[in-house]
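Work through the exercises below with the sequence and the structure at hand. Each task is followed by a solution in steps.

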Amino acid sequence: MEFSRRETLALGLGAAALTVLPMRAMAAADEAIAAFTGGADVAEGGVTLTAPEIAENGNTVPVSVSAEGAVSIMILAAGNPTPGVATFNFGPLAGSRSASTRIRLAGTQDVVAIAKMEDGSFARASSTVKVTIGGCGG
Amino acid sequence: MISRRDFLQVGMAASALVGASGFGNWGRLAAQQALTQDQLLDFDTYGNVSLIHVTDIHAQLKPIYFREPEINIGVGAAKGQMPHVTGADFRRAYGIEDGSPSHYALTYNDFTALAGTYGRVGGMDRVATVINQIRAARPDALLLDGGDTWHGSYTCHHTEGQDMVNVMNALKPDAMTFHWEFTLGSERVNEIVEGLPFAALGQNIFDAEWDEPAELFKPYKMFERGGVKIAVIGQAFPYMPIANPGWMFPEYSFGIRDAHMQSMVDEVRAAGAELVVCLSHNGFDVDKKMAGKVTGIDVILSGHTHDALPEPVLVGETIIIASGSNGKFVSRVDLDVRDGRMMGFKHKLIPIFSDVIEPDKEVAALIDAQRAPYADQLSEVIGQTDSLLYRRGNFNGSWDDLICDALLSEREADIAMSPGVRWGPSILPGQDITREDIWNVTSMSYGKAYRSEMTGEFIHVILEDVADNLFNTDPYYQQGGDMVRIGGMGYRIDISKKQGERISEMTLLKTGELIDPAKTYQVAGWASVNEGTEGPQIWDVVESHIRKQGTVSVAPNNSVTVVGA
């Protein structure tokens, strides 16, 4: 573990920022979900969200979503200053209702996927992705 | 008609009986001072398949002493469960007599005295004898290596793993999975793996760029043994680029990937596998959780967390086997597989008492040949110790206390940090410390000892981060090492709290003052995962320190207060 002063400061600030951000970010994520669902009920399950438990690199975290019968899937990084990541839309001829991307995470947080189904219902899945300094396993 | 469940239960009972009676016998034999190789290896061959498991050898070719941990706290569902039971409680749980060979092999108490009685453990030439004997009873037994094999000694470092490859090839394993091997760098790992005469497995070894299974490492291999179709699925250490320097193997990505594991199990079952074995470097608690999520695995051969358990742990219909570390144990698992299913099992954790088990002559000569070019370097005496030097334990070990002392004095630092790794043999009081001994607890490809300025706040962030890797109640968020060892600073840890709230009362020991979050401290440490780390190699730092001391003495370490366990 060696940290330049710049890294030390950056990480220190990041840690400090993390203690402040979640509340604001969570509110922003809730707002984004409300805007997507129009306030409708969201069921747990029916969406598969694949993300690593611990990010190998917080700057580029691979995530995949799939939901059978989805017309649209929104991905949120609930703890990022700007939680919105992407919304994937699927037309009626889409071969599979799945998508993969990479996202940047400011720190340990929940990644959330909300799917809008063909019948107008909504489904949700979330997964905690840990962003860690690491370095001491053995 | 006896159901499969009954068979499993009978299997369990039989295993427990073998375990219990075996241990009782050893206890009596100890009283008679008549432990023999035949008794250690005694095993009535059972069923139609035998598995031999070795793991986490960490390049220990020669017999060593290895003290098991006193502190190994489990959290969440693992609290108070195996393998998080130590000392007398562990002995009571398995009916092990005090003072018996099993007491010495499996628990920490009275280690120095019992080491005097029972001697060193391990040695790959003794392991070879055990493997040969099992193969004499079951010629087509599968030998499976759980990884952390090509790392951990002077000769392994200088030959970039070639000494271990040569010796392991002589044992003829059938498959292997990986962890520290990758710290040789991907180029060297690829070079060795391309030439391996056995399967290199890891269903979770992926290409980092495309997030697809890596070409060089296969997810599984099918075998046919005893008329049974067996699939061995590999599971490499999931958190390599986080716990170890990812820049050394940037082409690879890992992770637990249990959904992919399930698809591999389904694939091998569809291909006719009657027995599914997972050769894992997940660590024990991660394996327990995975066994509850992934269906269809019969046996998990568990590595990484260095636990040695004399009986399997059962999760649903999956048995999990823990085979220790540093060449100290070999597990034998006999299975009865009929009608496409595992009907029962018999298991023995065989401790490798090096004075009892005859070395295999060919392998002994091969080991000596690997070491011969370095004999003078290896055997040079650097100093002596008055204290028992060991590493295992969640918060500290006397070897790490000594390493931290070396960092504090040689690098003129306020605070020292030493990684919470679990490899490294023990040294008895009164023993010489050779260069080989120092390398056995320090050798690695990123061993430079840095010296850096850190604020009190940042030191707190580091401790909280590492503590969560150990005490997060969800095993999938654990990395399997121990707490970073700290020299020059004490702290209080409440393991029941969440990340950010566990560590308090950080105190600079030399002044007795609380650490000031805003103040900057000089911190020396080693094993940084960051590229471009500068400083002398840690083994040189430790050697210089021990030379100056002549005879080292390590005082009991009371600087960490643990609550919430």
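**Exercise 1. The open sheet**

Task: In what order do the six strands of the open sheet of chain B follow one another, and which strands stand at the edges?

Solution. Step 1: in this predicted model, the order of the six strands in chain B is E7-E8-E10-E11-E13-E12, with mixed pairing.
Step 2: look for strands with a single partner. E7 (220–225) and E12 of chain B each have a single partner strand, so one side of each lacks a neighbour in the sheet, and these two stand at the edges.
Step 3: on average, neighbouring strands of this sheet are turned by 25° against each other, direction ignored.
Step 4: take one pair inside the order. E8 (residues 228–235) and E10 (residues 275–280) of chain B pair in the parallel sense over six bridges. In this pair, Ile233(B) stands opposite Cys278(B) in E10(B).

**Exercise 2. Helices on the sheet**

Task: Which strands does helix H11 of chain B touch, and which does helix H12 of chain B touch?

Solution. Step 1: H11 (residues 258–270) of chain B packs on the sheet and touches E7, E8 and E10 of chain B. The direction of H11 makes about 165° with that of E8(B).
Step 2: H12 (residues 284–293) of chain B also packs on the sheet, where it touches E10, E11, E12 and strand E13 (318–322) of chain B. The direction of H12 makes about 170° with that of E13(B).

**Exercise 3. A strand and its partners**

Task: Are the residues of strand E1 of chain B buried or exposed, and with which strands is E1(B) joined?

Solution. Step 1: E1 spans residues 49–54 of chain B, and six of its six residues are buried.
Step 2: sort the side chains by direction. In a regular strand, side chains alternate between the two faces of the sheet. Here Val49(B), Leu51(B) and His53(B) point one way, while Ser50(B), Ile52(B) and Val54(B) point the other way.
Step 3: E14 (residues 329–338) of chain B runs antiparallel to E1(B) and is joined to it by five bridges. Ser50(B) stands opposite Asp334(B) in E14(B).
Step 4: E2 (residues 142–145) of chain B pairs with E1(B) in the parallel sense over four bridges. Val54(B) stands opposite Asp145(B) in E2(B).

**Exercise 4. Two packed helices**

Task: At what angle do helices H8 and H13 of chain B pack, and which residues make the contact?

Solution. Step 1: the angle between H8 (residues 162–171) and H13 (residues 361–371) of chain B is about 170°, and their axes are 10 Å apart.
Step 2: angles over 145 degrees count as roughly antiparallel, so H8(B) is roughly antiparallel to H13(B).
Step 3: H8(B) contributes Asp163(B), Asn166(B), Val167(B) and Ala170(B), and H13(B) contributes Val363(B), Leu366(B), Ile367(B) and Gln370(B).
Step 4: by class, the contact residues are five nonpolar, two polar and one charged.

**Exercise 5. Backbone exceptions**

Task: What is the sign of phi in Ala59(B) and in His304(B), and what is the peptide bond from Met82(B) to Pro83(B)?

Solution. Step 1: most residues other than glycine have a negative phi, and most peptide bonds are trans.
Step 2: Ala59(B) has a positive phi of about 65°. Ala59(B) is in the loop between E1 and H3 of chain B, and counts as buried because it has 27 C-beta neighbours inside 10 Å.
Step 3: His304(B) has a positive phi near 95° and lies in the loop between E11 (299–302) and E12 (313–315) of chain B. His304(B) counts as buried because it has 33 C-beta neighbours inside 10 Å.
Step 4: the bond from Met82(B) to Pro83(B) is cis, with omega near 5°. Pro83(B) is found in the loop between E1 and H3 (87–94) of chain B.

Terms used: Residues are numbered from 1 along each chain as its sequence is written. Chains are lettered from A and ligands numbered from 1 in the order in which they are written. This is a predicted model: local features need pLDDT of at least 70, side-chain atom pairs count only at pLDDT 80 or more; totals for chains, interfaces and linings use all residues. Axes are lines fitted to C-alpha atoms, for helices over the stretch in contact, and angles run from 0 to 180 degrees between N-to-C directions. Angles under 35 degrees count as roughly parallel, over 145 as roughly antiparallel, 65 to 115 as roughly perpendicular and the rest as oblique. Two residues are in contact if their C-beta atoms, placed from the backbone, lie within 7 Å. Ala, Val, Leu, Ile, Met, Phe, Trp, Tyr, Cys and Pro count as nonpolar, Asp, Glu, Lys and Arg as charged, and the others, Gly among them, as polar. A residue is buried if 20 or more other C-beta atoms lie within 10 Å of its own, exposed if 12 or fewer, and partly exposed in between; C-beta atoms are placed from the backbone. Two strands pair if DSSP finds at least two bridges between them.
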